[in-house]
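Here is a quick walk through one protein model and its bound ligand. Have the sequence and the 3D view open as you read.

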Amino acid sequence: MIYFEPKGEETSSATTKIPFVVSITSGKGGVGKTNISTNLACLLGEKGYNTLLLDADLGLGNVDVLLGITPKFNVLHLLSNEISLDKVLFKTDHNFSILPAPSGVMELVSLTPGQKLEFLDALDPLDSELDFFIVDTGAGINDNVLYFNMATQYRIIVLTPEPTSLTDSYALIKVLNQHHGVNDFFIIINMCAHENQAKEVFKRLYLACDRFLKGVSLNFLGFIPKDNKVVEAVKLQSPFCKKFPNCGASLALNRILDKLLTLKDIKKQIDGNIKFFWKKLLLQG
Ligand SMILES: Nc1ncnc2c1ncn2[C@@H]1O[C@H](COP(=O)(O)OP(=O)(O)O)[C@@H](O)[C@H]1O
Ligand SMILES: [Mg+2]
């Protein structure tokens with residue numbers, strides 16, 4: 001069992017939870033996924049939501065670096081059955097837990113089909129405990145990234161105004177859509193100069209998907225400005241939303257959080273019977 005300290009009304013009164021399972025992903029690396037995932041988890045923890053952050057960038061994970069922590073165990077210990085789930089989960093100082101990635105492994109760790117199933121089983125006990133399960137994926141279109149994006153209920157694609165970020169996001173959406181039947185994507189534009197620039201980037205991605213892909217739905221979740229406080233917080237190995245709660249990036253992330261919470265409420269009514277995420281993959285074979 002993992003221990004969470006519920007603070008919010010919703011968590012203290014809830015008996016059976018339905019986790020909101022979302023991956024935070026991108027076509028290109030270095031666009032801010034880990035910063036967004038970690039800080040979102042912090043804000044959710046602060047509000048009392050039972051939140052687990054899975055560092056799924058296997059091989060290059062750095063949630064631990066951002067938080068200045070050194071977890072003893074990681075996903076690979078769990079998969080090799082050496083260590084039980086409750087020991088692998090690391091409780092942060094910000095009222096959320098992380099399932100750490102292996103660190104110091106420079107090459108990508110590819111999960112075998114057997115490991116994917118084991119993973120599913122190992123996480124099963126969390127089904128009724130979590131409000132939010134955030135999966136911080138690697139970048140690109142490798143097996144792990146595709147797997148985690150297929151396995152989650154919702155996907156947030158992070159991109160920046162750089163042209164390569166736009167083309168790589170499109171490539172990821174295309175593969176997920178054409179080869180894996182994924183249609184719905186939420187979009188965050190990070191590191192932009194102003195809102196209009198973010199909307200312009202979103203529009204370009206939207207038009208490309210609308211023109212060349214069938215049935216893809218893109219939802220603009222928000223934008224985060226380029227903000228030196230983020231860089232400063234990374235150097236201090238502390239979440240920017242805690243260190244600088246009133247900086248532009250923190251205010252923007254709070255707006256995104258509000259939208260996510262609204263979405264969770266709406267989806268709870270619609271998907272009342274959704275259980276946990278990897279189950280879905282099993283059922284599809
Ligand atoms: N909104 C932002 N403003 C300024 N710098 C940012 C912002 N978001 C991320 N960064 C910087 O970009 C770098 C990459 O971020 P990271 O979250 O590690 O990306 P990813 O996980 O996508 O590889 C970090 O060093 C961070 O300082
Ligand atoms: Mg990362």
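## A covered strand, β6

This is a predicted model. A good place to start is strand β6, residues 154–159, which is mostly covered: six of its six residues are buried. Its side chains split between two directions, with Tyr154, Ile156 and Val158 pointing one way and Arg155, Ile157 and Leu159 pointing the other, and all of them are buried.

What does β6 pair with? On one hand there is β1 (residues 20–26), which runs parallel to β6 and is joined to it by four bridges; here Ile24 stands opposite Ile156. Then there is β7, also paired with β6 in the parallel sense over four bridges, with Leu159 of β6 standing opposite Ile189 of β7. To get from β6 to β7, the chain passes through helix α8 (residues 163–180), and this β-α-β crossover is right-handed.

## Next door: β1

How many residues of β1 are buried? Seven of its seven, so to speak a mostly covered strand. Phe20, Val22, Ile24 and Ser26 point one way from β1, while Val21, Ser23 and Thr25 point the other way, and all are buried.

β1 also pairs with β5 (residues 132–139), in the parallel sense and over six bridges. If you want a spot to look at in that pairing, try Ser23, which stands opposite Val135 in β5.

## The whole sheet

Now zoom out. In what order do the eight strands of the sheet run? They go β3-β4-β2-β5-β1-β6-β7-β8, forming an open sheet with mixed pairing. The edges are β3 (90–91) and β8 (217–225), each of which pairs on one side only.

Over at the β3 edge, the pairing with β4 (residues 97–99) is antiparallel and made over two bridges. Lys91 is the residue that stands opposite Ser97 of β4.

## Helix α2

Is α2 enclosed or open to the outside? Thirteen is the number to keep in mind: 13 of the 14 residues of α2 are buried, so the helix is largely enclosed by the rest of the structure.

Its length checks out too. With 14 residues at 1.5 Å a residue, α2 should span 20 Å, and its end C-alpha atoms are indeed 20 Å apart, which agrees. Just after α2 comes Gly48, which takes a positive phi of about 95°.

## Around ligand 1

Which residues come nearest to ligand 1? Of the 17 residues around it, those are Gly32, Lys33, Thr34, Asn35 and Val230. Three elements give two or more residues each to this shell: α2 (33–46), β7 (184–192) and α10 (228–236). Two of them have already come up here, since β7 is a parallel partner of β6 and α2 has 13 of its 14 residues buried.

As for chemistry, the shell around ligand 1 divides into seven nonpolar, seven polar and three charged residues.

## The overall picture

The protein has 13 helices and eight strands. Of its 285 residues, 44% are buried. Look at the contacts between residues at least 6 apart in sequence, and 78% of them join residues at least 24 apart.

Terms used: Residues are numbered from 1 along each chain as its sequence is written. Chains are lettered from A and ligands numbered from 1 in the order in which they are written. This is a predicted model: local features need pLDDT of at least 70, side-chain atom pairs count only at pLDDT 80 or more; totals for chains, interfaces and linings use all residues. A residue is near a molecule or strand if its C-beta atom, placed from the backbone, lies within 6 Å of it. Ala, Val, Leu, Ile, Met, Phe, Trp, Tyr, Cys and Pro count as nonpolar, Asp, Glu, Lys and Arg as charged, and the others, Gly among them, as polar. A residue is buried if 20 or more other C-beta atoms lie within 10 Å of its own, exposed if 12 or fewer, and partly exposed in between; C-beta atoms are placed from the backbone. Two strands pair if DSSP finds at least two bridges between them. A crossover is right-handed if, with the strands pointing away from the viewer, the path from the first strand over the helix to the second runs clockwise. Two residues are in contact if their C-beta atoms, placed from the backbone, lie within 7 Å. The expected span of a helix is 1.5 Å times one less than its number of residues.
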